[in-house]
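Let us walk through this model together, going from one bound partner to the next. Keep the 3D view open and follow along as each site comes up.

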Amino acid sequence: MDEVSVERVAPYAAADAAITFRLVGYLRPKLEALDLMTLYNDLEMPLIPVISAIERKGVVLDTTYLRDLSTKLNGMLSQLEEDIYAVSGQGKFNINSPKQLNDILFDKLKLPTEGLKKTTHGYSTDANVLDSLSGQHIVVDKILEYREVNKLKGTYVDTLPELINPHTGRVHTSYNQAGAATGRLSSSNPNLQNIPIRTELGREVRRAFVAAEGNKLLSVDYSQVELRILAHISQDKTLLEAFSQGQDIHAATAAAVNGIPVEEVTKEQRNFAKRVNFGLIYGMGAFRLARDSKLTLAEAQAFIRTYFERLPGVEKYLDETKQAARKGPIKTLFGRQREFAILRNASEGSNKVAIQGEERVAINMPIQGTAADIMKQAMLNLYHELEKSSLKGRMILQVHDELVLEVPEAEVKETSAMVVRVMEGAYQLDAPLRANANVGDNWRDMSSV
DNA sequence: CGAACTTGCCAC
DNA sequence: AAACGTGGCAAGTTCG
Ligand SMILES: Nc1nc2c(ncn2[C@H]2C[C@H](O)[C@@H](COP(=O)(O)OP(=O)(O)OP(=O)(O)O)O2)c(=O)[nH]1
Ligand SMILES: [Mn+2]
Ligand SMILES: [Mn+2]
């Protein structure tokens with residue numbers, strides 16, 4: 001675009017606007033009919049300049065650090081490749097090719113394929129399958145490690161520095177405000193909503209996101225956000241009571257899964273318990289739970305039974321939502337809505353798999369969507385509070401229920417208090433919103449404010 | 001040859 | 001192949 005003269009671009013740009021404008025006559029009556037004008041006028045429209053400001057501000061990367069990290073990963077990859085070829089004893093092959101990997105693992109090395117997950121062509125070699133084959137052959141663990149390192153290097157370490165804008169010296173993501181079906185934002189070019197955090201090596205990538213000179217990164221993240229929204233919407237007595245007592249449900253689930261006291265739950269265990277909590281709520285089965293955890297199938301079945309026995313209000317809400325989705329659109333607390341065509345048209349002969357699949361989509365939408373609504377409201381409120389104050393800190397990233405700001409060192413305390421207050425006050429829930437603030441020189445090494 | 005699809009995996 | 005959901009990206013393979 002910047003290679004074409006203004007004279008030639010002008011008519012194109014004008015047509016862009018003029019033709020889009022014609023959509024108003026078609027779309028506005030629809031918004032009015034669906035009662036969406038308030039959401040549109042008071043939230044989505046005013047949020048546009050907020051998102052635009054975040055994109056234009058961008059974030060600083062420690063490129064020196066990333067270069068060193070790349071070198072380190074290169075060394076690891078060379079060693080892993082060498083090891084993989086040696087122990088598989090079949091000479092060189094492309095480890096990244098599922099086809100060739102299938103051939104090596106299941107044909108040449110004769111690893112057991114009984115009950116193994118299949119893909120369109122051969123047997124799956126995803127991390128879960130390889131985990132189950134770990135111990136059968138030493139190459140399996142090597143491949144898993146190779147996958148992790150190769151992913152980090154290819155997707156983040158070598159790619160992010162290329163996307164630094166030479167004019168600003170910062171990386172500028174692009175947020176899609178109207179892409180996700182639930183109302184969430186998404187991020188691309190690069191996606192800054194999926195920066196690694198789970199593994200030690202992955203956190204090395206996060207370390208490369210730094211504050212500009214004289215500043216700190218301030219990260220504020222909602223506590224157990226979708227669980228609180230679920231408690232509010234379902235009015236489940238147990239869940240509401242738990243939150244009123246300040247309980248940590250993720251930690252409690254971690255304790256139950258591992259059969260340990262809540263005080264002994266590690267970060268990793270709590271993190272895994274998140275997936276259990278949201279997985280079960282949104283329809284995970286015993287097979288998957290058993291496979292992902294260390295539980296047997298019978299234990300997983302019992303766990304799920306007990307889980308919902310303790311949360312009868314949640315179970316009732318989930319059932320009611322599945323039924324409601326057959327009669328009309330499902331809505332978030334802000335009125336955002338989504339239709340479920342398969343459920344609307346469900347009849348005797350309908351595809352059961354498709355119906356159950358869409359039921360899971362339907363029960364997720366109002367919860368995830370409400371979380372997205374709330375975060376959008378918080379971003380809008382915070383933007384204006386920051387503007388009208390004399391504080392210089394500004395938002396630089398949104399990661400669904402987390403805001404990252406770049407803040408002058410001297411203003412961290414005051415800004416943090418403001419962000420927490422605005423985020424917690426964005427919407428009144430019966431399980432009140434809570435947000436945790438952390439600060440640091442980079443996005444990895446942070447401590448509680 | 002590039003587009004479209006597949007497989008796998010990172011985050012919330 | 002599984003009864004968590006929402007995304008985006010890289011590499012390989014197949015399609016046209
Ligand atoms: N369905 C589903 N939703 C998830 C998953 N992971 C995260 N989410 C959604 C629900 C969470 O409330 C929300 C924000 O993710 P967080 O990692 O911040 O977790 P959460 O806020 O629940 O706990 P926290 O107190 O921040 O550690 O994103 C998942 O594995 N499955
Ligand atoms: Mn959170
Ligand atoms: Mn979060």
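In this predicted model, ligand 1 is surrounded by 14 residues, and the closest of them are Asp 221, His 250, Arg 270, Lys 274 and Asp 401. Sorted by character, the shell around ligand 1 holds seven charged residues, four nonpolar ones and three polar ones.

Zoom in on the oxygen atoms of ligand 1 and you will find several polar side chains beside them. His 250 places a side-chain N or O atom 2.9 Å from an oxygen atom of ligand 1. Asp 401 also has a side-chain N or O atom 2.9 Å from an oxygen atom of ligand 1. For Arg 184, a polar side-chain atom lies 3.3 Å from a ligand oxygen. On its own, ligand 1 has 600 Å² of accessible area, and the protein covers 73% of that. Which elements give two or more residues to this shell? They are β5 (215–222), α9 (225–234) and α12 (267–281). Of these, α12 gives the most, with four residues.

Next, please turn to the metal ions. The manganese ion that is ligand 2 is coordinated by carboxylate oxygens (OD) of Asp 221 and Asp 401 and by the O atom of Tyr 222, at 2.0 to 2.1 Å. Along the chain, these donors follow the spacing D-Y-x178-D. The site has six donor atoms, with angles of 76 to 177° among them, and is octahedral.

The manganese ion that is ligand 3 has Asp 221 (OD) and Asp 401 (OD) as its protein donors, lying 2.1 Å from it. This pair links distant parts of the chain: Asp 221 sits in strand β5, while Asp 401 belongs to the loop between β8 (394–398) and β9 (402–408), 180 residues apart. Asp 221 bridges the two manganese ions, ligand 2 and ligand 3, which lie 3.5 Å apart.

Are these donor residues buried or exposed? Tyr 222 counts as buried because its relative accessibility is 3%, under the 20% limit. Asp 401 also counts as buried, at 18%. Asp 221 has a relative accessibility of 27%, so this residue counts as partly exposed.

Now follow DNA strand B. There are 21 residues around it, and Thr 125, Lys 151, Ile 197, Arg 198 and Asp 401 come nearest. Which parts of the strand come within 4 Å of the protein? Sugar and phosphate make up 86% of those strand atoms. The protein surface near the strand divides into eight polar, seven charged and six nonpolar residues. Helix α7 (residues 138–157) contributes the largest share of that surface, three residues.

Individual arginines are worth a closer look here. Arg 198 has a side-chain N or O atom 2.4 Å from a phosphate oxygen of DNA strand B. Arg 147 has a side-chain N or O atom 3.0 Å from a phosphate oxygen of the strand. Arg 184 turns to a base instead, with a polar side-chain atom 2.8 Å from a base oxygen of DNA strand B.

To finish, look back at two residues that have come up in more than one place. Arg 184 has polar side-chain atoms beside an oxygen of ligand 1 and beside a base oxygen of DNA strand B. Asp 401 is among the closest residues to ligand 1, comes among the nearest to DNA strand B, and is a donor to the manganese ions of ligand 2 and ligand 3.

Technical notes:
Residues are numbered from 1 along each chain as its sequence is written. Chains are lettered from A and ligands numbered from 1 in the order in which they are written. This is a predicted model: local features need pLDDT of at least 70, side-chain atom pairs count only at pLDDT 80 or more; totals for chains, interfaces and linings use all residues. Side-chain values use heavy atoms; hydrogens and water are left out. A residue is near a molecule or strand if one of its heavy atoms lies within 4 Å of it. A polar contact is a pair of N or O atoms within 3.5 Å; within protein, one must be able to donate a hydrogen and the other to accept it, and residues adjacent in sequence count only if both atoms are side-chain atoms. Accessible areas come from the Shrake-Rupley method with a 1.4 Å probe; for residues, only the protein chains shown count as cover. Ala, Val, Leu, Ile, Met, Phe, Trp, Tyr, Cys and Pro count as nonpolar, Asp, Glu, Lys and Arg as charged, and the others, Gly among them, as polar. Donors are N, O and S atoms within 2.8 Å of the metal (3.2 Å for Na, K and Ca); water is not among the atoms, so sites may look incomplete. Four donors count as tetrahedral if all angles lie between 85 and 135 degrees; four count as square planar and six as octahedral if opposite donors are over 155 degrees apart and all others between 65 and 115; anything else is irregular. Buried means under 20% relative accessible area, exposed over 50%, partly exposed in between (1.4 Å probe, protein chains only).
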